[in-house]
Amino acid sequence: MKFITVKTYEELSERAADLIAAQILVKPYCVLGLATGSSPVGTYKRLIEDNKNGKIDFSTVVSVNLDEYVGLDGTNDQSYRYFMNTNLFDHVNIDKSKTFVPNGCAEDLEAEGEFYDTQIKALGGIDLQLLGIGLDGHIGFNEPDEVFTAATHEVKLDESTIKANARFFANENEVPKTAITMGMMSIMQAKKILLIANGAAKKEIVEKAFFGPVDPKVPASILQLHPDVTVIYSEN
Ligand code: GLP
């Protein structure tokens, strides 16, 4: 594992965007695993600049996102599909039909999960998976549990996650109680993992996840078993 500590969020975003840009340059037909949340916003801004100034080309890139709230469709401004469109896809030359986000409105979420994993396999797997980390150690929406769940699946969100994400909604009651998330299998099968975290509030969970025991109660700790992980943490 490469653990990089930087001083500012700007530096974190620049380093993360550079690693993603390098992936696209080395393999233009790559599959990027993408994440939502506030952490990657700066990274996406840099990637948009890189695309606008001709440094990177998204035309052959395929993306798969980690998760989606159950019940929110892409027109809902709180959905992760909407987040990805407005924070990245609408501003770069990616083919939107090759950007995949789990369907949180699928009637049969179990079938949607199976379909999502099959689709990732059919794409040849993920070349680089970008991850944030929740305050409780979740990655995607894989919440602390007794076991690590392999497949893409429906999850009940923890109270702490609902509280943490309420800042994006009008109030806490509007936060969906369930989500569909890529499971640990597709994440762990990604060729490379890049996890970004910033701020003092994340320091303790980042230390637990990467320097404590591997434990499903700290979902991100499974990444210690992955052969190619880069963590970038910024204090601010
Ligand atoms: C959300 C997302 C995660 C994200 C995490 C941290 O709930 N499902 O993919 O990594 O929480 O979010 P933030 O970056 O806003 O702290």
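**Exercise 1. A residue in a helix**

In which helix does Asn51 lie? Work out also whether Asn51 is buried or exposed, and which residues Asn51 touches beyond its sequence neighbours.

*Solution.* The model used in these exercises is a predicted one, and every step below should be read with that in mind.

Step 1. Find the element: Asn51 belongs to helix 2, which runs over residues 41-52.

Step 2. Decide on burial: the relative accessible area of Asn51 is 13%, and a residue is called buried when this value is under 20%, so Asn51 counts as buried.

Step 3. List the contacts: when residues up to four places away in sequence are not counted, Asn51 touches Ile56, Asp57 and Phe58, and also His91, Val92 and Asn93.

Step 4. Add a distance: Ala21 is 30 residues away from Asn51 along the chain, and the C-alpha atoms of the two are separated by 9.2 Å.

**Exercise 2. Three loop residues**

Determine where Gly71, Gly134 and Pro216 lie, and decide for each one whether it is buried or exposed.

*Solution.* Step 1. Take Gly71, which is found in the loop between strand 4 and helix 3. Its relative accessible area is 51%, and because the limit for exposed is over 50%, Gly71 counts as exposed. Gly71 touches Gly104 and Cys105, if residues up to four places away in sequence are left out. Although Pro176 is 105 residues from Gly71 along the chain, the C-alpha atoms of this pair are separated by 7.5 Å.

Step 2. Turn to Gly134, which has its place in the loop that joins strand 6 (128-131) and strand 7 (153-156). Here the relative accessibility is 8%, so Gly134 counts as buried. Apart from neighbours within four places in sequence, Gly134 is in contact with Lys202 and Ile205. Gly134 and Ser234 are 100 residues apart along the chain, with 15 Å between their C-alpha atoms.

Step 3. Finish with Pro216, located in the loop between helix 7 (203-211) and strand 10 (229-234). With 14% relative accessibility, Pro216 counts as buried. The residues that Pro216 touches, not counting those up to four places away in sequence, are Glu143, Pro144, Asp145, Glu146, Val147 and Phe148. Phe115, by contrast, is 101 residues from Pro216 in sequence and 25 Å away in space, C-alpha to C-alpha.

**Exercise 3. Packing around helix 3**

Which residues of helix 3 are buried, and which elements do they pack against?

*Solution.* Step 1. Identify the buried residues of helix 3, which are Tyr80, Arg81, Phe83, Met84 and Asn85.

Step 2. Name the partners: these buried residues pack against helix 2 and helix 5, and against strand 2 (31-34), strand 3 (62-65), strand 4 and strand 5 (99-100).

**Exercise 4. Two pockets**

Describe the largest and the second largest pocket by volume, lining and residue classes.

*Solution.* Step 1. Begin with the largest pocket, which holds about 630 Å³ of space. Its lining is made up of 33 residues, and those nearest the centre are Gly37, Ser38, Asn165, Arg167 and Phe168. Two or more lining residues come from each of strand 4 (67-69), helix 3 (80-87) and helix 5 (159-165). Sorted by class, the lining contains 13 nonpolar, 15 polar and five charged residues.

Step 2. Continue with the second largest pocket, whose volume is about 160 Å³. Among its lining residues are Lys2, Ile4, Leu19, Lys192 and Asp228. At least two residues of this lining are supplied by each of strand 1 (2-6), helix 1 (9-26) and strand 9 (192-198). The classes here are six nonpolar, two polar and three charged residues.

**Exercise 5. The chain as a whole**

Why does the radius of gyration of the protein chain agree with that of a compact globule?

*Solution.* Step 1. Compare the values: a compact globule with 236 residues would have a radius of gyration near 18 Å, and the protein chain has 16 Å, which agrees.

Step 2. Consider the extent: the C-alpha trace spans about 45 × 40 × 35 Å along its principal axes.

Step 3. Look at burial and surface: 53% of the 236 residues count as buried, while the accessible surface is about 10700 Å², with 53% of that area belonging to carbon and sulfur atoms.

Step 4. Examine the contacts: of those with a separation of 6 or more, 78% are between residues 24 or more positions apart.

Step 5. Count the elements: the protein chain has seven helices and ten strands.

Definitions and conventions: Residues are numbered from 1 along each chain as its sequence is written. This is a predicted model: local features need pLDDT of at least 70, side-chain atom pairs count only at pLDDT 80 or more; totals for chains, interfaces and linings use all residues. Side-chain values use heavy atoms; hydrogens and water are left out. On a 1 Å grid over the protein atoms alone, a cavity is a set of points where a 1.4 Å probe fits but cannot get out, and a pocket is an open set with protein on both sides within 12 Å along at least five of seven lines; lining residues have an atom within 4 Å of a point. Grid points are joined across faces, edges and corners, and a volume is the space filled by probe spheres set on the points. Helices (H or I, at least four residues) and strands (E, at least two) are DSSP runs, numbered from the N terminus. Ala, Val, Leu, Ile, Met, Phe, Trp, Tyr, Cys and Pro count as nonpolar, Asp, Glu, Lys and Arg as charged, and the others, Gly among them, as polar. The radius of gyration is taken over C-alpha atoms; the globule rule is 2.2 Å times the number of residues to the power 0.38. Buried means under 20% relative accessible area, exposed over 50%, partly exposed in between (1.4 Å probe, protein chains only). Contact means heavy atoms within 4.5 Å. Accessible areas come from the Shrake-Rupley method with a 1.4 Å probe; for residues, only the protein chains shown count as cover.
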